[in-house]
Amino acid sequence: MKPAKGFDSCNKLRSALSFALAACLAVMVTTCAAENDSMNGLAERYVKLVLAVGQHDADYVDAYYGPSEWQKEAESAKRPLAEIDRDAAAVEAALNAAKPAPSAEEIVRLRHEYLSKQLAALRARVAMLGGKALTFDEESKALYDAVAPTHTDSEFDAVLKNLEARLPGPGTLADRFDTFRSQFTIPKDRLDATFKAAIEGCRSRTLAHLSLPAEESFVVEYVTNKSWSGYNWYKGNYHSVIQVNTDLPIFADRAIDLACHEGYPGHHVYNVLLEKTFVRDRGWVEFSVYPLRSPQSLIAEGSANYGIEIAYPRAERLQFERTVIFPTAGLNPAGVDEYYDVLGLVDRLSYAGNEAARRYLNGQIDAATAAKWLERYGLYSPPRAQQRMRFVDQYRSYVINYNLGKDMVARYVESQSNGGADAALRWDVFTRLLSSPRLPSGLTR
Ligand SMILES: [Zn+2]
């Protein structure tokens, strides 16, 4: 059994008490150990519940590297949803009864809050699998602990007007943007070399600011026929498999975006730090499983997206694109500045993706109308709009985790690093967030 290191307040108490209070001390130690044992017991039940839900939802368990017998048990038992919910309610009640005092150490409070919120999201997902209908906002609140702001068409129109001026000519603006962007397609035979260069850049910049276990590693695979553009599959033992979807042309900016988002300092680093900090050092088994449809995903996607800017602030990114990425991809570096100016404007349409998903999932528009709307307001090409709608069908309100998640993580980190101006402090706050159980509503406190 691993020693618990999360109960420093107990240690402080121990040292403060004199020998004469040995009897009292024994009571304190027993209480703290019992609290830890009880949390570890509830954490184990939580992990088994997540694995049980995974039997009803193929996307639910994104990563698991705890005891393999628990996975086998879940597969053979295939517990019914009603039974899973009853057990989850019992764990929830036990957690409520074990709430730490407001004066308890922060990490102890965060652990309790993490388990409570992850479990509430699990129960919401079980209810959905049982047929409960939620609106888009109700669902994102229940599963991801956050609600995305709404935007009107006219707000997007204002951004589109700026882009019209940047990309004049005949045809629709979406077509002109597609033509413009096509100039920056990474040729297929240069894809792997370009990704390797991007990964090396993201890795060295990340390792300059935080330390990772020496044995951390990942492999990159190229796949097709997916609704996403890239995916990190965390395998445990500090190892990931990163998959890049080549169904559609891959543009130059995606090299750094994907290398940072999926790798360093994104998903791979987040998972490595959670395994090191909690599963190995403290024996907190709840972190050996990652339920995709849970509040943890907003932190994962938000930090992976914000991590791109942390590793590559704009000026440094443009320099790296000009000197390494574009030449490796065989593209003319003279176009870098204009390309990123236009992308900066298009990025302001990112919330259009949430609107299309919200209106579609709320039943206000059908999939074909949502795809058309994405072409107009999000400047998606028709095949990308189709791919996006497949993503929405599969992952639903998960879409908010990328842009709202990024904005929430950015606000949290920058509020503690002089607006982000102190680069070293920004890395420090960001790294601490990646090594903590903090969930979305905990970012705004
Ligand atoms: Zn991601």
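Helix H9 passes helix H10 in a right-handed crossing. The model is predicted. H9 covers residues 191-207, and H10 covers residues 253-263. Their axes lie 8 Å apart and meet at an angle of about 50 degrees. That angle makes H9 oblique to H10, because it falls neither under 35 degrees nor within 65 to 115. On the H9 side, the contact is made by Thr 194, Phe 195, Ala 198, Ile 199 and Cys 202. H10 contributes Arg 254, Ala 255, Ile 256, Leu 258, Ala 259 and Cys 260.

A second helix pair involves H15 and H17. H15 spans residues 351-361, and H17 spans residues 382-395. The two pack at an angle of about 55 degrees, with axes 11 Å apart. H15 is therefore oblique to H17. H15 passes H17 in a right-handed crossing. Four residues are listed for H15: Gly 353, Ala 357, Tyr 360 and Leu 361. They meet Arg 388, Met 389, Val 392 and Asp 393 of H17.

The model also holds a zinc ion. Its coordination comes from His 261 and His 267, each through NE2, and from Glu 301 through OE. The distances are 2.0 to 2.1 Å. Along the sequence, these donors follow the spacing H-x5-H-x33-E. His 267 belongs to helix H11 (residues 267-280), whereas Glu 301 sits in helix H12 (residues 296-311), so the pair ties together parts that are 34 residues apart in sequence. His 267 is buried. Glu 301 is buried as well. The number of the remaining donor, His 261, falls within the range of H10, residues 253-263.

Strands E3 and E4 form a hairpin. E3 consists of residues 230-236, and E4 of residues 239-245. The strands run antiparallel and are joined by 6 bridges. Gly 236 stands opposite His 239 in E4. Between the strands lie 2 residues. Asn 237, in the turn, has a positive phi of about 55 degrees. E3 is mostly covered, with 5 of its 7 residues buried. In a regular strand, side chains alternate between the two faces of the sheet.

Definitions and conventions
Residues numbered from 1 in each chain as written. Predicted model: local features only at pLDDT ≥ 70, side-chain atom pairs only at ≥ 80, totals over all residues. Heavy atoms only, no water. Donors = N, O, S within 2.8 Å, 3.2 Å for Na, K, Ca; no water. Buried < 20%, exposed > 50% of the residue type's maximum accessible area, 1.4 Å probe, protein only. Pairing = 2+ DSSP bridges. Axes fitted to C-alpha atoms, helices over the stretch in contact; angles between N-to-C directions. Parallel < 35°, antiparallel > 145°, perpendicular 65-115°, else oblique. Left-handed = near helix turned anticlockwise from the far one by under 90°. Contact = heavy atoms within 4.5 Å.
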